[in-house]
Protein chains: 2
Amino acid sequence: MQAPDALFGLAEAYLDDLELTRDLGAQQQSMRYALEGGKRIRAVICLATAEAAGCEPEAALPAAAALELVHAFSLVHDDLPALDDDDERRGRPSAHVAFGEGVALLAGDALLAEAFRLALTYPTTAPARELAEATLGMIGGQYLDIVGDHEDLADVHRLKTGRLFAASVGLALWVADVPGPSQLPWRAFGEELGLLFQIVDDVLDGDGYAERLGPDAARDLARDAAERAHSALEEIPADTSVLRAIVEDLVVRTA
Amino acid sequence: MQAPDALFGLAEAYLDDLELTRDLGAQQQSMRYALEGGKRIRAVICLATAEAAGCEPEAALPAAAALELVHAFSLVHDDLPALDDDDERRGRPSAHVAFGEGVALLAGDALLAEAFRLALTYPTTAPARELAEATLGMIGGQYLDIVGDHEDLADVHRLKTGRLFAASVGLALWVADVPGPSQLPWRAFGEELGLLFQIVDDVLDGDGYAERLGPDAARDLARDAAERAHSALEEIPADTSVLRAIVEDLVVRTA
C-alpha cells in the first residue's frame with residue numbers, strides 16, 4: 001500500500017505530463033495554470049481507494065486526474081466576478097486575473113470537457129456517468145450557495161463539496177471492478193469523508209459549520225464524521241489502512 | 001424516412017419532456033430557458049443520419065438532445081459579458097440578462113454536464129467520447145475567436161461550428177452501430193455540412209466568409225461545399241434522401 005504522499009506524487013506527475021487536446025492551442029496555458037498547486041486530495045482518495053480495492057493505483061490515474069480537472073473547473077468558474085469574485089487562489093492571482101475573464105471562462109469549460117475525455121478512457125461508461133452525476137450535484141450546490149438558500153447548510157455542502165468527494169471513492173470502485181452490492185460500505189465511507197473534509201475546511205476558515213455552530217461544536221461534528229468513516233471502513237474486508245490514515249490526517253488538522 | 005420537420009418535432013418533444021438532474025433545483029429554469037427556441041438543426045441531422053444508417057430515430061434522441069445541450073451551453077457562455085456580451089438571443093433577453101450572470105454561468109456548466117449524462121445513456125463510451133472531443137474542438141475555436149487569431153478563418157470555423165456539426169453525424173453512427181471503416185463517407189458528409197452551414201450563416205449575417213470574400217464568392221463556396229456533401233452521400237449505400245434534402249434546404253437559404 002502506497003502512503004498518501006506517494007499517491008500525491010503519482011497524481012502530480014500524471015497531471016504534469018497530461019496531454020491536453022491539441023485543438024485547444026494556447027488555451028492550454030490557462031488550463032495548466034488553473035491546475036497547478038492543488039492539494040490533490042480528491043486524486044489521492046481515488047488512488048488509495050483503488051489500491052485498497054485491489055487494483056494498481058496507476059490504473060486509476062485517469063479517473064483521479066478527471067476529478068482534479070472537475071475541481072479545477074469549479075474553482076476557475078467560482079472565482080469569476082459573476083460568482084465569488086475572488087482575485088486570489090492558492091496564493092496566486094486567480095485565472096481570470098492572470099488571463100482575463102473570457103479566457104478563464106473558456107478554461108473552466110475546457111477543463112470540464114477534458115475531465116470527461118479522461119473518464120471516458122475506461123472500457124465502460126460507469127466512471128464517466130458517476131463523474132457527470134457528481135458534477136451536476138456540485139453545480140446544484142453552487143447554485144444554492146449563490147442564490148443564498150442556506151437554510152440547510154448540510155444540503156449545500158453535501159452537494160457542493162460532498163458529491164465530488166463521494167465520486168472520488170466511487171470512480172475508484174468502478175476502475176477496480178468492485179461489484180455494485182459490495183460498493184455500499186465504500187460509498188458510506190466516501191459520504192462521511194466528504195462531510196469531514198467540509199467541516200475541517202470550515203473550522204480552518206472560520207466559516208460555514210464553524211461560524212454557525214462555533215468551533216468546538218464543529219470539531220465535535222468532525223470527530224463524529226471521522227468515527228462513522230472508520231466504522232464504514234471496518235466493514236470492508238480489505239487493507240484500508242491508507243484510507244484510515246487519510247481520515248486521521250483530516251481530523252488532526254482541526255486540532 | 002421521416003422528413004426534417006417530423007424529426008424537428010421529435011427532438012422538440014424530447015427536449016420538452018427531458019428530465020434534468022433533480023439536484024439542480026431551481027437552476028433548471030435557466031437551463032430550460034436557454035434551450036428554448038432553437039432550430040434544432042444539429043438534432044435533426046443526428047436523427048436523420050441515424051435513420052439513414054438503419055436505426056429508429058427515437059434511439060438517437062438522447063444523442064440528439066446532448067448535441068443541442070452542448071450547443072445551448074456554448075451560446076449561454078458566448079453571450080456572457082466576458083465573451084461576446086450579447087444581450088439578446090433568439091429574439092429574447094439572453095440568459096444572463098434574464099437570470100443574472102452567475103446563474104447563467106452555472107446554467108452553461110450544467111447544460112454541458114447534462115449533455116454528457118445523456119450521451120452516457122448508451123451502452124458504449126463511443127458517443128460520449130465523440131461529444132467530448134467535439135466540445136473541446138469547439139472551445140478551441142472559440143478561444144481562437146476571442147484572442148483575435150483569425151488568420152485562417154477556415155480553422156476558426158472548422159473548430160467553432162464544424163466540430164459539433166461533424167459530431168451530429170458521428171454520434172448517430174455510433175448509435176446506429178455503423179462500423180468504423182464504413183463511417184468514412186458519412187463523416188466526409190458531416191465535415192462538408194458543417195462548412196456549408198457556416199458559410200450560409202455568414203451570408204445571412206453578412207460577416208465571416210461573406211465579409212471576407214464578398215457575398216457572391218461566399219455563395220459559390222457554399223455551392224461547392226454542397227456539391228462535395230452530395231458526392232459523399234452518393235458513396236453511401238443507403239437511402240440518404242432526407243440528408244440530401246437538408247443540404248438543399250441550406251443552399252436555398254443563401255439564394
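Two residues are in contact when heavy atoms of theirs lie within 4.5 Å. The exercises below use this meaning throughout, and they concern a predicted model.

**Exercise 1.** Find where S94(B) is placed, decide whether S94(B) is buried or exposed, and list its contacts beyond the neighbours within four places in sequence.

*Solution.* Begin with the chain: S94(B) sits in the loop of chain B that runs between β2 (92–93) and α5 (95–99). Next, take its relative accessibility, which is 1%, and compare this with the cut-off, since buried means under 20%; S94(B) therefore counts as buried. Finally, once neighbours within four places in sequence are set aside, the residues in contact with S94(B) are Y33(B), D79(B), D86(B), D87(B), E88(B) and R89(B).

**Exercise 2.** Describe how helix α4 and helix α6 of chain B pack, and then follow L69(B).

*Solution.* Two packed helices are described by the angle between their axes and by the distance between those axes. For α4 (residues 61–79) and α6 (residues 101–119) of chain B, the angle is about 160° and the axes are 8 Å apart. Because angles over 145 degrees count as roughly antiparallel, α4(B) is roughly antiparallel to α6(B). The crossing of α4(B) past α6(B) is left-handed, and, sorted by class, their contact has 15 nonpolar, two polar and two charged residues.

Now turn to L69(B), which belongs to helix α4 of chain B and is one of the residues that meet α6(B). Its relative accessible area is 0%, so L69(B) is buried. Beyond the neighbours within four places in sequence, its contacts include L111(B), E114(B), A115(B) and L118(B), and also L15(B), L18(B) and L35(B). Although L69(B) and E114(B) are 45 residues apart in sequence, their C-alpha atoms are 7.4 Å apart in space.

**Exercise 3.** Check the span of helix α12 of chain A against the expected value, and state which of its residues are buried and what covers them.

*Solution.* Helix α12 (residues 241–254) of chain A has 14 residues, and at 1.5 Å a residue it should span 20 Å; the end C-alpha atoms are 21 Å apart, so the two values agree. The buried residues of α12(A) are V242(A), L243(A), I246(A), V247(A), L250(A), V251(A) and T254(A). Among the elements covering them are α1 (4–17), α3 (41–52), α9 (184–205) and α11 (215–234) of chain A.

One of these covering helices, α3(A), also packs with α8 (residues 153–175) of chain A, their axes coming within 8 Å and crossing at roughly 30°. This crossing of α3(A) and α8(A) is right-handed.

How values were computed: Residues are numbered from 1 along each chain as its sequence is written. Chains are lettered from A and ligands numbered from 1 in the order in which they are written. This is a predicted model: local features need pLDDT of at least 70, side-chain atom pairs count only at pLDDT 80 or more; totals for chains, interfaces and linings use all residues. Side-chain values use heavy atoms; hydrogens and water are left out. Helices (H or I, at least four residues) and strands (E, at least two) are DSSP runs, numbered from the N terminus. Buried means under 20% relative accessible area, exposed over 50%, partly exposed in between (1.4 Å probe, protein chains only). Axes are lines fitted to C-alpha atoms, for helices over the stretch in contact, and angles run from 0 to 180 degrees between N-to-C directions. Angles under 35 degrees count as roughly parallel, over 145 as roughly antiparallel, 65 to 115 as roughly perpendicular and the rest as oblique. A crossing is left-handed if the near helix is turned anticlockwise from the far one by less than a right angle, and right-handed if clockwise. Ala, Val, Leu, Ile, Met, Phe, Trp, Tyr, Cys and Pro count as nonpolar, Asp, Glu, Lys and Arg as charged, and the others, Gly among them, as polar. The expected span of a helix is 1.5 Å times one less than its number of residues.
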